[in-house]
Amino acid sequence: MNTILFLNLFAITTINLSLCNGTTYLGCIESERQALLRFKQDLTDSSNRLSSWIGEGDCCKWAGVVCHNSTGHVHELRLGNPDAYNGISDLGGNLNPSLLDLKHLIYLDLSYNDFQRFQLPSFLGSMGKLRHLNLSGAGFSGEIPQQLGNLTNLQYLDLSQNYLLYHENLGWLSGLSLLEYLDLSLVNLGKTSVDLLFIVNVLPSLAVLKLSGCQLHHLPTLSIANFSSPLVTLDLSGNKFNTSFSSNWVFGLSQLQFLDLAGIGFEGPIPDGLQNLTSLTHLDLSRNHFSSPIPNWLYKFSHLESLSLSRNSLEGVISSDIGNLTSLQMLDLSSNALQGSIPKSLGRLCNLRWISLSFVKLNQTISEILDIFSGCVSHRLEFLDLAQTQLYGQLTYQLGLFKNLKTLDLCCGNISGPIPYSLGELSKLTFLDLSFNNLSGPIPFSIGELSSLKTLQLSSNELNGSIPSSLGKLLSLRTLQLSSNELNGSLSEIHFVKLSSLTLFNASGNSLELNVSPNWVPPFQLEELYLASWHLGPQFPSWLLSQKYLAFLDISNSGIRDTIPSSFWNSSSRFQYLNLSYNQIYGTIPELTEAILISSLDLSSNNLSGSLPLVSSNMVTLDLSKNSFSGEIGDFLCHEMNESKNLQILNLEDNSLFGELPNCWINWQNLLILDLSKNKFTGNLPTSIGTLNSLRSLHLQTNKFAGTIPMSLKNCTELVVLNIRENKFVGNLDSWLGESFSSLVILTLRSNKFHGILPLELCGLSSLQILDLADNSLSGTIPSCISNLSAMVTIPKDFFSSIKYSTNYSDFTEDESLMIKGKMDNYGSILNLVRSMDLSKNNFFGEIPIGVTNLVALRSLNLSHNLFTGRIPESIGAMKVLESIDFSSNRLFGELPRSLSKLTFLNDLNLSNNNLTGEIPLSTQLQSLDPSCFMGNKLCGPPLSKDCTFIVPTSEKEIAGNKRLVNGFYVSMALGFVVAFSSIIYRSFNTSWCWTCRVPFHVRRSGKAYVLNKGSFAEPSSSVTGIKNGFV
């Protein structure tokens, strides 16, 4: 009995003590549980995050619900998306007003969900006890309700990253006197009538203000402000202020620790007013237009932990005073005009963990930099980005000292030599980029020790040898880039044995072979695979069929001599980019209308046959050139007539397609490139081809098209290339050819049946670089305005030697077959440097206009096989880059212009079959040419065997002078041979025969031949009697 009494008393005492200590758990309040269930009913929850919110259970144990320990009231709802970056755990729907029944709620977090642009509900302003409200990134839209100003207990408000939210009057903020944290980033405040200074002044407790990307334009310039509470954090990044930053209230925030002014459009020097902010630990001035040297006062910020000045135009060198920033952990000076070397004092910043100096002209050896950082910096450094810094020299063993390094980017420099074996000691490395350097030697076997590596980029070097099998140990590797090296050898299954995380593999442009069993199933599931120029054939690689997520595939030029399995095409719906070109694949292609994701398909240069496959209207690039496809193309072009096509590049060159083009091009208005060349098409061009108003390049050459060029083509005003050579087109060249195509660079009409004169409007093609009208029946004179072709006047100085067009996943490079130097050659990679004019094999007449010689950028000029008369213009010597001239088979006469000798690049000249006379000018180029280049004229001198000793004068003045000279000769014979000879010499120097001063001139007297060369006589050893021939 006493025992029972004792136990009862003990129990009562325990309960009382528990009540006194406030630890009694009462459970969820029923009214609040019901409120939560109603709240859930209006939500969408695709990932079942609220699966615990069911039945009669204790709501205080539901996911995201936090109750007060003693009262049981719901105090907090923590429903922010835990997987915000992937968006796979979104809550959505409507916010039910039942939240108002949670009268003790002080904390509400719905961040990074997706409320699908629903209006932010005004009832939130009635939740008077809220202290913390986070709705960032939740997808709300519309105007921020002013009722939020009633939340007088609010200390934390985050509405950021709701880019469809806006407000025009922030006056409601004045009611939030307890607010300490305010983030409105990406909310549109562009039309607000309240400035920043007001916000800071009316919120006396505000410590953090973030207004990044709010479309603000006005920044108050007051130098002094009466702040009731100092800000610690200010983020104004991503706005475009229209006021100066030279004198600003920001400079008065002496307690400021975090300042982000990135991307706000400021320019000039970094303002000196910032030196007042000596408490700063974080300063970001990146993405502006600051153009001064880094100010010296900045190096006195001893508390600074993070400094970003990237993407400005800062000049000068990095001062050695940077070593004073001993608290610095993060330094970003990338993308500036800084130059010089990294100062050694940077090695004193022992707290550095993050360094980026990319796109700065360091012009320093990589070994020097590794030496600077090899001390205390190497112990903590986790991120080092020195890409595009013109580094050179060799990597050294010191690389292995950076044990904590996670990211190393040395891309795009001049680093040479082997990759050091010590690289394998960086066991924490997750990202390594050594691409686009001059590294040589093999990939070290120690690469397999980088157990944390996720990205390895070694592309575009000179690495050679085989790929080490240790690469197969990199269990975490996701991206492997080895393209464009000199690697060789064979890869087997062991090279991939543990690469289960691999999603991207690019090793194109090497001499590698894959040697795996026919039944091999890789451990990885790739999304991107590029093995161009590998040896994968002759059978189609069956292991590709196991790759269920493969979206980008390039196995071009890989020696495949097989058909494509039907199972491969069955899974083609997942592909976005597919390149099987330059193999020997044969067979037919099934319809691809269901492959709606394929943006680019390249099956060119194979042996495919049959009719053209129908493709999805979503496709952007289709290249079926250089195959054996046959039949008409009406079904292909006119399929789904009511459906607009996205195709931008269509290349059907060099197949066996035939018939007339159908008149349904109106569905293909996105076409940029259309190549139907080298087929067997016939008939007239349909008028609907003129609806392709985005067309840049049109190739119809080497077909059997006939009729006139449809006038509707003038609507294709964006044309850069028009090539219709080797067809049967007829008619005059219409004036609109010169009026409509202001961007035309290449115009090739060769080998058709055009006639008539050249329209003057052609002179308006100021962008024209290549003009080929050869082998037609054109006539008339060359218009003098030909000199207006300004692209043939300006010698190109840029490095863009090819003409390219780009789509999402593909580049198209123009190539043209041009008749230059007497043979048809293909020009692709240097096409944009070619300047050529070919008017040969027509019926042009008249003189060659002097305006032609103003086209000083021309490299090839062909006017042969016409009816041109007159002299070759003397000013032709101004065309200094000419490499080829063909004026053959015309009616040109007179002497060759002496300025021809100035054409130092000339290596092909044909002047044959004209009426040219006189001596061939002396020059290294002209005398090295084949004599046939001058045949069919009355020319003399090297390289011809005909001597220029006696030249038939061509001008009347010369003929008259010669007659007087000859008559004087015979009259003075009676006075003696010596006197006669002296008279001849005298008259020679005082008549129009001044050419005798430049070329050998032989006179025979008294049995001896005297040679006049460059104004002086010499007596040879041979003797001849009498004067032979004299002067005629």
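The expected span of a helix is 1.5 Å times one less than its number of residues. Helices (H or I, at least four residues) and strands (E, at least two) are DSSP runs, numbered from the N terminus. The model is predicted: local features need pLDDT of at least 70, and side-chain atom pairs count only at pLDDT 80 or more, while totals for chains, interfaces and linings use all residues. Residues are numbered from 1 along each chain as its sequence is written, and side-chain values use heavy atoms, with hydrogens and water left out.

**Exercise 1. Helix H2**

Task: Compare the expected span of helix H2 (residues 30-41) with the distance between its end C-alpha atoms, and state which strands its buried residues pack against.

Solution:
1. Helix H2 has 12 residues, so at 1.5 Å a residue it should span 16 Å.
2. The end C-alpha atoms of H2 are 17 Å apart, which agrees.
3. Buried means under 20% relative accessible area, exposed over 50%, and partly exposed in between (1.4 Å probe, protein chains only). The buried residues in H2 are Glu 32, Arg 33, Ala 35, Leu 36, Leu 37 and Phe 39.
4. These buried residues pack against strand E1 (43-45), strand E2 (65-67) and strand E3 (74-78).

**Exercise 2. Two serines**

Task: Decide whether Ser 356 is buried or exposed, do likewise for Ser 500, and list the contacts of Ser 356 and of Ser 500.

Solution:
1. Ser 356 belongs to strand E19 (residues 354-356). Its relative accessible area is 3%, so Ser 356 is buried.
2. Contact means heavy atoms within 4.5 Å. Leaving aside neighbours within four places in sequence, Ser 356 touches Leu 331, Asp 332, Leu 333, Ser 334, Phe 383 and Asp 385.
3. Ser 500 sits in the loop between strand E29 (486-491) and strand E30 (504-506). With a relative accessible area of 41%, Ser 500 is partly exposed.
4. With neighbours within four places in sequence again left aside, Ser 500 is in contact with Leu 475, Pro 523 and Phe 524.
5. Ser 500 and Pro 523 are 23 residues apart in sequence, yet 5.0 Å apart in space, C-alpha to C-alpha.

**Exercise 3. Aromatic pairs**

Task: Classify the ring pair of Phe 636 and Trp 668, then the pair of Phe 705 and Phe 729.

Solution:
1. Rings of Phe, Tyr and Trp (its six-membered ring) pair if their centres lie within 6.5 Å; planes under 30 degrees apart count as stacked, over 60 as edge-to-face and the rest as tilted. The structure holds 22 aromatic pairs.
2. For Phe 636 and Trp 668, the ring centres are 5.8 Å apart and the planes are at 25°, so the pair is stacked.
3. This pair links distant parts of the chain, 32 residues apart: Phe 636 is in helix H7 (residues 634-638), and Trp 668 is in the loop between strand E41 (656-659) and strand E42 (673-675).
4. Phe 636 is buried at 5% relative accessibility, and Trp 668 is buried at 3%.
5. For Phe 705 and Phe 729, the centres are 6.2 Å apart and the planes are at 20°, so this pair is stacked.
6. Phe 705 lies in strand E45 (residues 704-707) and Phe 729 in strand E47 (residues 728-731), so the pair ties together parts 24 residues apart in sequence.
7. Phe 705 is buried, with a relative accessible area of 0%; for Phe 729, also buried, the value is 0%.
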